[in-house]
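Trainee: Could you take me through one part of this model closely? I would like the strand pairing and the aromatic contacts around it.

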Amino acid sequence: MANTALEIVRLVCAWQALPMPTELYSSNDPQTVEFRDLLNEEIGELARWPDTAWRKLIRQHTFITEYSDEQTLSPLPDNFQYIIPASMWDRTTNRPCFGPIDPQQWQAWKAQPILSGWMWGWRLRGNDFLTAPNPPAGNTVAYEFVSDLAVYANGDTVPTKQYCTSDDDTTIFDPLMVARGVRWRFLSQKKLDYTAEYAMWVSLVQRAVSRSKGLPILNAANGGSWAIQTPYVPSQNWPG
């Protein structure tokens, strides 16, 4: 079974009855270069598949707050794609962080002469991580995010690269699914019919997405969250 970058390309070449390369990233052969570019295009597309957070792309990040509009103490990791919604939590105060704040609400908040509250919010603008009201300094905040690192270098136990750069690199994705993706992209690039291959690829991706993460059990009779072990007042709800 194909696993490495070279093996995946060789499998696609076998399917297409094309000469199979013996090396991938040290080759100057035009067709081999084309296949390695299509391979990385496929990996990048899967890593950014819409409305999906692949289990092996999910990471946790923590940072320490500053009493400021802009958080500069590493609020975003280097391999950041996007924050998983509703996952940001102030662990010091045991309260959720409200966000992302939309531009209109942000400007309305900043127009207030004095802005304070028991719960602060956040937004991303350009490369800046902004907060309002200013959070207390020194709080520990954690959230989960989707990484853009989807490739294992040889010997790595976690993905460390966005794309393949070596013949023995492997990806977090099912190699057969990747090979099917490379195949339909190759056919499309050559202006050949790729309808059947594309349909098969979509089916493989959808199945992989559905199996990538577990789903919680929904219980309409559940009166609270077992995960909250300390007294907690729900957001925006103040007992009278």
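Mentor: We start with one strand and its partners, then turn to the aromatic rings.

This is a predicted model: local features need pLDDT of at least 70, side-chain atom pairs count only at pLDDT 80 or more, and totals for chains, interfaces and linings use all residues. Residues are numbered from 1 along each chain as its sequence is written, and side-chain values use heavy atoms, with hydrogens and water left out.

Take strand E7, residues 128-132. Strands (E, at least two residues) and helices (H or I, at least four) are DSSP runs, numbered from the N terminus. Of the 5 residues of E7, 4 are buried, so the strand is largely enclosed by the rest of the structure. Buried means under 20% relative accessible area, exposed over 50%, and partly exposed in between (1.4 Å probe, protein chains only).

E7 has strand E6 (residues 121-125) as an antiparallel partner, over 5 bridges. Two strands pair if DSSP finds at least two bridges between them. In this pairing, leucine 124 stands opposite phenylalanine 129. E6 and E7 form a hairpin with 2 residues between them. Glycine 126, in the turn, has a positive phi of about 65 degrees. Strand E2 (residues 70-71) also runs antiparallel to E7, joined by 2 bridges. There, glutamate 70 faces leucine 130 of E7.

Now the rings. Phe129 belongs to one aromatic cluster with Phe63, Phe80, Trp122, Tyr143 and Phe145. Across the whole structure, the search finds 14 aromatic pairs. Rings of Phe, Tyr and Trp (its six-membered ring) pair if their centres lie within 6.5 Å; planes under 30 degrees apart count as stacked, over 60 as edge-to-face and the rest as tilted.

One of the pairs is tryptophan 184 with tyrosine 194, stacked at 5.4 Å centre to centre with 25 degrees between the planes. Tryptophan 184 lies in helix H4 (residues 175-189) and tyrosine 194 in the loop between H4 and helix H5 (195-212), so the pair ties together parts that are 10 residues apart in sequence. Tryptophan 184 also pairs with tyrosine 198, edge-to-face, at 4.9 Å centre to centre and 85 degrees between the planes. That pair links distant parts of the chain, H4 and H5, with the two residues 14 apart. Tryptophan 184 is buried at 11% relative accessibility. Tyrosine 194 is partly exposed at 32%, and tyrosine 198 is partly exposed at 35%.
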